[in-house]
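Student: I have just opened this model and would like a friendly tour. Could you help me read it?

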Amino acid sequence: MNPTLRQMRAFVAVAKTGNFTLAAQSLHVTQSALSGLIKELEQTLGARVVDRSTRKITLTDIGRELYPLFSQMIDDLDGALANVADHTQLRKGIVRIAAPQLMCCTLLPEAIAAYRAGLPDIEVRLADSEVDSVIARVLSGESDIGIGPEREPTPLLEARQLFEMPFALVFPPGHPLEAAERVTWQDVTRFPFIALQGQFTERLLADMHALLRELPLKPANEVNFMTTALAMVSAGLGVTVCLPYAEPLARLYRLHMRPLEEPMLTRRFFVYTRAGRSLSPAAESFIDFLFPYVASKRRRVDGA
């Protein structure tokens, strides 16, 4: 026995309405087509499910037994299909993002707000993480999307470049470098340099040594978070370097940000996802939104 979904829908409609005409109208089929489906169901089951007379329609004993079962199966299926439709049509969904703490207090909140302005029913959960924890959260499945600096490639991850930005020097108002036409990495060595701990500083110093071996760039202080470094710069304790996407935070501290030259060092940031794993429609839509959003932000900054 293998009744089809169309046959079960036809039987449930007849059982609910008690009338072939009303049942046919509810299913948007002709009455003869509905009668044909009921006959097919009875042939499949090898038993009658409906007794017909000129006055009324009644369910047989088997029909009365099957009606609540078929009705519940159809309700469950319709509910599941409606839930899928809500997800695919972005009326429902959750996006889980992991990103470094600095990006989580500058670029991403504005991006999330702009995304949800168009899709208010999508929930976006942002996990502000240490840089080296971003990829771990993606690989463990805690986050759908990771956004972070370039790391060694691995077959477990898919990486799409989101942007590439040059380093900028950050210093307080009234600083001696404020009057300079341009600032170089050599200028950085003249002042206490506040750096971040971990791979940020390690990679930066390695790049500097490779390009300018004689440059004596040594951190006077190393901290865990860029917010700490900016607060120290604001207090006049030194200078720091960061990427231009942090400009809104530097502005909150009333700090100046200038591009660093000789050489111009850049950092690339990527969107990371698990390789071979399909994203939810909501997560896919956020990625599709994020790339043009970041590009438009950069165009506005470059044109300013």
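Student: At which residue does α4 bend?

Tutor: Happy to help, and keep in mind that this is a predicted model. Helix α4 covers residues 61-88, and its ends, taken from C-alpha to C-alpha, are 41 Å apart, close to the expected 40 Å. Along the way a proline, Pro-68, comes within four residues after a bend of about 30 degrees, and that bend is at Tyr-67.

Student: Against which elements do the buried residues of α4 pack?

Tutor: Start with the residues themselves: Gly-63, Leu-66, Phe-70, Ser-71 and Ile-74 are buried in α4. The partners of the buried residues are two helices and a strand, namely α1 (5-17), α3 (31-45) and β2 (57-59).

Student: Which residue with a positive phi follows α4?

Tutor: Look just past the end of the helix, which spans residues 61-88. The phi there is near 60 degrees, and the residue is Leu-90.

Student: What is the N to O distance in the salt bridge of Asp-61 and Arg-64?

Tutor: Both residues belong to helix α4 and sit three residues apart, about one turn of the helix. An α-helix has 3.6 residues a turn, so residues three or four places apart point the same way. Asp-61 counts as exposed because its relative accessibility is 57%, while Arg-64 is partly exposed at 49%. Their side chains meet with an N to O distance of 2.1 Å.

Student: How many residues apart in sequence are the parts tied together by Arg-268 and Glu-150?

Tutor: The two form a salt bridge, with their closest N and O atoms 2.6 Å apart. Arg-268 is in strand β13 (residues 266-274), whereas Glu-150 is in the loop between β5 (145-149) and β6 (157-166), so the parts that this pair ties together are separated in sequence by 118 residues.

Student: Is Asp-187, the salt-bridge partner of Arg-190, buried or exposed?

Tutor: The side chains of Arg-190 and Asp-187 meet at 3.1 Å, N to O. Arg-190 has a relative accessible area of 52%, so this residue is exposed. For Asp-187 the value is 13%, and under 20% means buried. Asp-187 is therefore buried.

Student: Which residues are joined into one network by salt bridges that share partners?

Tutor: The model has 15 salt bridges in its count. Side chains of opposite charge can pair when their charged atoms come close. Shared partners link one arginine and two glutamates into a network: Arg-182, Glu-261 and Glu-262.

Student: Is α2 roughly parallel or roughly perpendicular to α3?

Tutor: Helix α2 (residues 20-27) packs with α3 at an angle of about 100 degrees, and their axes are 9 Å apart. Residues making the contact include Phe-20 and Leu-27 of α2, and Leu-34 and Ile-38 of α3. Angles from 65 to 115 degrees count as roughly perpendicular. So α2 and α3 are roughly perpendicular.

Student: How far is the C-alpha atom of Ser-129 from that of Cys-104?

Tutor: Ser-129 lies in strand β4 (residues 123-129), and with a relative accessible area of 9% this serine is buried. Setting aside neighbours within four places in sequence, its contacts include Ala-98, Pro-100, Val-134 and Arg-137. Ser-129 and Cys-104 are 25 residues apart along the chain, and their C-alpha atoms are separated by 8.5 Å.

Key. Residues are numbered from 1 along each chain as its sequence is written. This is a predicted model: local features need pLDDT of at least 70, side-chain atom pairs count only at pLDDT 80 or more; totals for chains, interfaces and linings use all residues. Side-chain values use heavy atoms; hydrogens and water are left out. The expected span of a helix is 1.5 Å times one less than its number of residues. The bend at a residue is the angle between axes fitted to the seven residues ending there and the seven starting there. Buried means under 20% relative accessible area, exposed over 50%, partly exposed in between (1.4 Å probe, protein chains only). Contact means heavy atoms within 4.5 Å. A salt bridge is a side-chain nitrogen of Lys or Arg within 4 Å of a carboxyl oxygen of Asp or Glu. Axes are lines fitted to C-alpha atoms, for helices over the stretch in contact, and angles run from 0 to 180 degrees between N-to-C directions. Angles under 35 degrees count as roughly parallel, over 145 as roughly antiparallel, 65 to 115 as roughly perpendicular and the rest as oblique.
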